[in-house]
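Trainee: Could you take me through one helix pairing in this model, up close? I'd like to see how the two partners meet and what lies around them.

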Amino acid sequence: MALVSAKQMLEKARDGKYAVGQFNINNLEWTKSILQTAQELNSPVILGVSEGAGKYMTGFKTVTAMVKAMIEEMNITVPVALHLDHGSYEGCYKCIEAGFSSIMFDGSHFPIDENIAKTKELVKVCAEKGLSLEAEVGSIGGEEDGVIGQGECADPDECKKIADLGVDILAAGIGNIHGKYPANWTGLRFDVLEAIKKKTGDMPLVLHGGTGIPTDMIKKAISLGVAKINVNTECQLAFQEATRKYIQEGKDLVGKGFDPRKLLAPGAQAIKDTVKEKMEIFGSISKA
């Protein structure tokens with residue numbers, strides 16, 4: 001199956017009261033693990049790529065070529081969207097040129113008028129090329145790949161202004177943050193989410209910072225219109241811990257038949273386990 005826009009899968013998720021997971025990729029092993037899990041569980045999936053990860057993998061064209069080839073070689077039949085995560089204005093155009101099927105323009109740090117102007121331009125370009133476009137209002141808290149936000153809640157009226165431009169997906173800050181949640185985190189602001197939903201109607205909403213949010217909060221957010229949930233830190237931590245444990249046990253170290261494929265295997269399995277757990281919570285299994 002070829003890469004698809006995220007628009008249709010997220011509209012289906014919105015109507016079915018479940019969410020599609022966006023899992024960020026950083027290398028071949030991560031991509032393979034996520035695609036395998038999605039296929040095994042018959043779940044649609046969104047592969048997120050930050051600009052930093054794209055640079056690490058030598059460029060967006062390399063990422064696109066790798067993902068397309070893996071879908072073909074692995075006989076992946078579930079819907080897969082390749083999505084730029086927290087893209088800059090320039091980064092969006094690079095990913096459009098590279099063949100991504102979905103992009104996120106993060107204009108949340110611009111004054112609202114500038115965010116609107118740039119988003120409006122990208123709406124037209126993406127519509128012409130059949131790509132889905134995600135926009136953001138209200139910076140997401142914490143830090144991810146150099147993108148830092150204080151976690152303010154989005155203004156529902158500003159969300160309506162962006163939604164009315166014709167974007168396909170809207171990410172709005174409701175107290176969620178990237179990375180680990182601190183002990184004093186007060187939780188998601190469902191009153192703000194309800195107000196945003198009232199203003200934006202049927203627009204599929206996005207919850208960034210899916211790592212560490214309690215299951216009951218995730219399910220409530222889905223019931224209020226969230227159709228896409230991003231997970232990155234949880235995969236990073238699982239990969240790190242599994243690899244650390246493998247090394248500490250002294251298996252396949254230098255001089256003992258070191259094999260990098262064996263070294264990466266525990267981490268890859270940990271990502272599969274994490275993705276499966278999240279897809280079960282999001283309710284996307286057997287929804288492809």
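**Where H2 meets H11**

Mentor: Start with the residues that touch: from H2 come Glu-29, Trp-30, Ser-33, Ile-34, Gln-36, Thr-37, Ala-38, Glu-40 and Leu-41, and they meet Leu-264, Ala-268, Ile-271, Lys-272, Val-275, Lys-276 and Met-279 of H11. Sorted by character, the residues of this contact come out as nine nonpolar, three polar and four charged. Keep in mind that this is a predicted model. As for the geometry, H2 covers residues 28-41 and H11 covers residues 260-282, and their axes come within 9 Å, crossing at roughly 40°. That angle is why H2 counts as oblique to H11. The crossing of H2 past H11 is right-handed.

Now look at Phe-23. Setting aside neighbours within four places in sequence, Phe-23 is in contact with Ile-34, and also with Val-275 and Met-279. Those three turn up in the helix pairing too, Ile-34 on the H2 side and Val-275 and Met-279 on the H11 side. Other contacts of Phe-23 include Val-45, Leu-47, Val-231, Cys-235 and Phe-282.

Phe-23 also leads us to the wider interior: the largest nonpolar core has 76 residues, and Phe-23 is among those with the most contacts inside it, along with Val-49, Val-67, Val-80, Phe-100 and Ile-103. Helix H4, residues 60-73, gives this core its largest share, six residues. Apart from that core lies another, of 13 residues, including Ala-6, Ala-13, Ile-46 and Ala-171. Ile-46 is one of the residues that Phe-23 contacts.

Conventions. Residues numbered from 1 in each chain as written. Predicted model: local features only at pLDDT ≥ 70, side-chain atom pairs only at ≥ 80, totals over all residues. Heavy atoms only, no water. Core = buried A, V, L, I, M, F, W, Y, C linked by side-chain atoms within 4.5 Å. Buried < 20%, exposed > 50% of the residue type's maximum accessible area, 1.4 Å probe, protein only. Helix = DSSP H or I, 4+ residues; strand = E, 2+ residues; numbered from the N terminus. Contact = heavy atoms within 4.5 Å. Axes fitted to C-alpha atoms, helices over the stretch in contact; angles between N-to-C directions. Parallel < 35°, antiparallel > 145°, perpendicular 65-115°, else oblique. Left-handed = near helix turned anticlockwise from the far one by under 90°. Nonpolar A, V, L, I, M, F, W, Y, C, P; charged D, E, K, R; others polar.
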